[in-house]
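Here's a quick walk through the model, for anyone who'd like to know what sits where. Keep the viewer open while you read.

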Amino acid sequence: MASFSSSATLDVEQQQHQLEADEFDYSKRSQWLRAAVLGANDGLVSTASLMMGIGAVKQDIKSMILTGFAGLVAGAGSMAIGEFVSVYSQLEIELAQLKRISHSKRKTRTLHDDQSSSTHDAAAQQQADEEEEEEGEEVEYEKQAGLPNPVQAAAASAMAFSVGAMVPLLAASFIRDYKIRIGAVVVAVTFALMVFGWVGAYLGKAPVVRSALRVLLGGWLAMSITYGLTKLIGSSGF
């Protein structure tokens with residue numbers, strides 16, 4: 001009978017854990033997904049578009065590689081600075097909110113102490129105040145521990161952008177023939193776009209096929225527009 005009761009308890013606990021896992025809020029992953037997958041996708045598309053643009057008017061490998069490298073450095077720096085400023089602003093807002101909540105709690109506690117001082121023993125009241133203060137500090141510490149870190153967010157954005165930008169650079173670095181080089185960049189970028197779209201959709205529990213196709217078509221569109229406009233301007237003699 002005891003073993004049956006223990007088995008039933010284990011089953012209930014397993015079901016509770018399963019429900020908690022099923023009810024996990026996948027939107028909590030948005031912060032690091034934005035800094036990782038989307039940052040890598042930005043680096044991939046922007047660097048590949050720059051390389052395709054310069055490749056439309058110059059066929060030598062040196063110009064294409066230098067353009068891609070400049071895009072990597074400039075893009076990673078821009079992403080890092082923008083992410084740092086954005087997350088730091090968010091941090092300041094959340095810290096200000098925590099201070100307002102803490103101040104409001106102290107005012108409420110003081111008012112409560114004034115009202116109850118005539119009916120409670122001084123020692124008991126002091127112990128209760130200490131316990132409440134400790135609990136408030138623990139809660140505030142837990143909230144501050146979950147606050148965003150601007151430096152980490154900036155580093156993650158720069159690193160992710162650099163990883164994405166390395167794909168077209170590596171694809172073009174060792175191919176001398178112009179047409180084969182352009183084709184290799186397009187193929188490598190296409191594969192990477194599909195992978196990034198799939199990973200982002202999988203981790204965020206979004207529709208995989210639709211997300212991958214959206215990322216792929218967007219990347220193709222950016223490269224095509226850059227290549228076409230640069231080719232048009234270059235051939236017109238400007």
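In α7, the buried residues are S211, A212, L216, G219 and M223. "Buried" here means under 20% relative accessible area, with exposed being over 50% and partly exposed in between (1.4 Å probe, protein chains only). Helices are DSSP runs of H or I with at least four residues, strands are E runs of at least two, and both are numbered from the N terminus.

Before going on, some housekeeping: this is a predicted model, where local features need pLDDT of at least 70 and side-chain atom pairs count only at pLDDT 80 or more, while totals for chains, interfaces and linings use all residues. Residues are numbered from 1 along each chain as its sequence is written, and side-chain values use heavy atoms, with hydrogens and water left out.

**The overall picture**

The chain has 7 helices and 0 strands, so to speak a plain run of α-α-α-α-α-α-α along the sequence. Of its 238 residues, 28% are buried. If you take contacts (heavy atoms within 4.5 Å) between residues at least 6 apart in sequence, 78% of them join residues at least 24 apart.

The UniProt record, an unreviewed entry, annotates "transmembrane region" over residues 32-57, 64-88, 153-175, 182-203 and 215-234. UniProt positions follow the numbering used here, feature names are shortened, and annotations may be inferred rather than shown by experiment. In the model, residues 64-88 are 100% helix and 0% strand, with end C-alpha atoms 36 Å apart. Residues 153-175 come out at 91% helix and 0% strand, with 35 Å between the end C-alpha atoms.

**Three helices against the ruler**

The expected span of a helix is 1.5 Å times one less than its number of residues.

| Helix | Residues | Length | Expected span | End-to-end C-alpha distance |
|---|---|---|---|---|
| α5 | 150-173 | 24 residues | 34 Å | 34 Å |
| α6 | 178-203 | 26 residues | 38 Å | 38 Å |
| α7 | 208-235 | 28 residues | 40 Å | 40 Å |

**α5 and its neighbours**

What caps the N-terminal end of α5? That's N149, with a side-chain oxygen 3.0 Å from the backbone nitrogen of V151. This is a polar contact, meaning a pair of N or O atoms within 3.5 Å; within protein, one must be able to donate a hydrogen and the other to accept it, and residues adjacent in sequence count only if both atoms are side-chain atoms. Further along, α5 has a kink of about 30° at M166, shortly before the proline P168. The bend at a residue is the angle between axes fitted to the seven residues ending there and the seven starting there.

F161 lies in α5 and counts as buried because its relative accessibility is 5%. Leaving aside neighbours within four places in sequence, F161 is in contact with eleven-odd partners worth browsing, including G39, D42, T47, L72 and M79. The C-alpha atoms of F161 and A80 are separated by 9.2 Å, although the two residues are 81 apart along the chain.

T47 sits in helix α2 (residues 30-55). T47 counts as buried because its relative accessibility is 0%. A polar atom of the T47 side chain lies 2.8 Å from the backbone oxygen of G43. Not counting residues up to four places away in sequence, T47 touches G68, G71, L72, F161, A165 and P168.

**The core and α6**

Which residues touch the most other members of the largest nonpolar core? They are L44, V189, L193 and F196, in a core of 27 residues. Helices α2, α3 (61-116), α5, α6 and α7 each supply at least two residues of this core. A nonpolar core is a set of buried Ala, Val, Leu, Ile, Met, Phe, Trp, Tyr and Cys residues joined through side-chain atoms within 4.5 Å. Beyond its neighbours within four places in sequence, L44 is in contact with G164, A165, V167, P168, V189, A192, L193 and F196.

The buried residues of α6 include R181, V189, T190, L193 and F196. D177 caps the N-terminal end of α6, with a side-chain oxygen 3.3 Å from the backbone nitrogen of K179. After α6 comes K205, whose phi is positive, near 55°.

Is M194, in α6, buried or partly exposed? M194 counts as partly exposed because its relative accessibility is 42%. Leaving aside neighbours within four places in sequence, M194 is in contact with A212 and L216, both buried residues of α7. M194 and S211 are 17 residues apart in sequence and 8.9 Å apart in space, C-alpha to C-alpha.
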